[in-house]
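Open the model in your viewer and keep the selection panel handy. We will go from one selection to the next, with a short note on what to look for at each stop.

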Amino acid sequence: MSKPGATRGDRTGRGDRDGRDARAPNGPRVFAVVNQKGGVGKTTTAVNLAASVAAAERRTLLVDLDPQGNASSGIGVHPRTVELSVYDALIGRATLRDVMRPTELSSLTLVPSKQDLIAVEFELVDDPDRSYKLRGLLDELLRDDPFDYVFIDCPPSLGLLTVNALSAADRVLVPMQCEYYALEGLTALMATIDRVRTMNPRLEVEGIVLTMFDPRNNLAHQVAEEVKRHFRVFDSVIPRNVRLSEAPSHGKPALLYDVQSKGAQGYLSLARELLSSAWAAGRTGGGAGAAMGAAEKRAGK
Ligand SMILES: Nc1ncnc2c1ncn2[C@@H]1O[C@H](COP(=O)(O)OP(=O)(O)OP(=O)(O)O)[C@@H](O)[C@H]1O
Ligand SMILES: [Mg+2]
């Protein structure tokens, strides 16, 4: 990953400041996939990165925290078929264990979402703990140690749902399309992350993921260079690739749809890079390269 960025401060501790931190230092790694800008590749990144990590036999949970339910349908769980969703858990009617569902990949479990999630802001308006609901639910689930990695797909806003994701996460992944206005959005996002750090001091930005990258576009290169001057950017760049946009309509991550496609390979490379970093490797340790190689072979069968 290129250069340490301005957002990585000295708040590396797994703070216990408010007594809400129930996670072990070597416990599961929780990532929020966030950008308030719409259509930048958050869901595509959450689904395909979670699938790539799961294909390397890391026990992985994908939490769909967007009322659009795109991560759910993109992994093969149509919101129409969902009875209990993340909404029921957030308002205290169910646990995450009640809500979660298996997927086609045996190491990947989904917490689905559907449209009713829109109502959560109203339901929780008088609840002083409303920003910590997901954190409490995840801590309860993760206490029994069922997962190595959690990826939370956020909606395109910095409202209560995204704040819940940022309170529950250790690290933020920011998918970004290399467009003219991309940097402006990042400034607002970083300000929100700084505000959430008062509730979750250990939150850090793991890195920016450049998505839908078109190497023939000069502006894309310029924006990428500018972003790298300010933030940590993953070396693995996700190209614009039609397979990535087709796969969700088949309810599959790209590696189960066309593992040889540049899009699937881009996310496998991103997963390899993520799992190679010391903190993200966590208790599953090294061996990311070998595990991803095996994952590619399995998916290619
Ligand atoms: N690398 C890519 N190549 C081609 N198409 C892509 C790529 N990444 C995402 N897309 C397509 O772009 C559209 C937006 O992507 P996606 O849904 O992942 O963005 P999002 O940030 O989650 O959107 P929202 O803000 O609405 O939640 C989708 O149709 C998706 O299939
Ligand atoms: Mg989305």
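Which handedness does the β-α-β unit made by β6, helix α8 and β7 have? Select residues 171–177, 182–196 and 204–211 and trace the path: β6, α8 and β7 form a right-handed unit. Bear in mind as you look around that this is a predicted model.

**Stop 1: the two strands of that unit**

Keep β6 and β7 selected and hide the helix. The two strands run parallel and are joined by seven bridges. For a concrete pair to label, pick Val174 and find its bridge partner in β7, Ile208. Now colour β7 by burial: eight of its eight residues are buried. That is worth holding in mind for the next stop, where β7 turns up as an edge strand.

**Stop 2: the whole sheet**

Show every strand. The sheet is open, has seven strands and mixed pairing, and reads β3-β4-β2-β5-β1-β6-β7 in order. Its edges are β3 (101–102) and β7, each of which pairs on one side only. As background, strands in a sheet pair through backbone hydrogen bonds, in either a parallel or an antiparallel way.

Next, select residues 29–33 and 149–153. These are β1 and β5, which pair in the parallel sense over five bridges. Label Val33 and you will find Asp153 as its bridge partner in β5.

**Stop 3: helices across the sheet**

Bring back residues 42–55, helix α1. This helix lies across β1, β2 (60–64), β4 (108–111), β5, β6 and β7, and runs at about 165 degrees to β5. Then add residues 160–168: α7 lies across β1, β5 and β6, at about 155 degrees to β1.

**Stop 4: a helix pair**

With α7 still on screen, add α6, residues 133–142. Their axes come within 7 Å and cross at roughly 40 degrees, so α6 and α7 are oblique to each other. The crossing is right-handed. To see where they meet, show Lys133, Leu134, Arg135 and Leu138 from α6 with Asn164, Ala165, Ser167 and Ala168 from α7.

**Stop 5: two unusual backbone angles**

Most residues other than glycine have a negative phi. Two residues here go the other way. Follow the chain from α6 towards β5 and stop in the loop between them, at Asp145. Asp145 is not a glycine, yet its phi is positive, about 65 degrees. Then move to the loop between β7 and α9 (218–230), where Met212 sits. Met212 is not a glycine either, and has a positive phi of about 50 degrees.

Which of these two is buried and which is exposed? Asp145 is exposed, because it has 12 other C-beta atoms within 10 Å. Met212 is buried, because it has 22 other C-beta atoms within 10 Å.

**Stop 6: a long-range neighbour**

Select Leu275, in helix α12 (residues 262–276). Leu275 counts as buried because it has 25 C-beta neighbours inside 10 Å. Now draw a C-alpha to C-alpha distance from Leu275 to Val53: the value is 8.0 Å, although the two are 222 residues apart in sequence.

**Last stop: zoom out**

Display the full protein, with its 14 helices and seven strands. Of its 301 residues, 50% count as buried. Among contacts with a separation of 6 or more, 78% come from residues 24 or more positions apart.

How values were computed: Residues numbered from 1 in each chain as written. Chains lettered and ligands numbered in written order. Predicted model: local features only at pLDDT ≥ 70, side-chain atom pairs only at ≥ 80, totals over all residues. Buried ≥ 20, exposed ≤ 12 C-beta atoms within 10 Å, placed from the backbone. Helix = DSSP H or I, 4+ residues; strand = E, 2+ residues; numbered from the N terminus. Pairing = 2+ DSSP bridges. Right-handed = clockwise from strand over helix to strand, strands pointing away. Axes fitted to C-alpha atoms, helices over the stretch in contact; angles between N-to-C directions. Parallel < 35°, antiparallel > 145°, perpendicular 65-115°, else oblique. Left-handed = near helix turned anticlockwise from the far one by under 90°. Contact = placed C-beta atoms within 7 Å.
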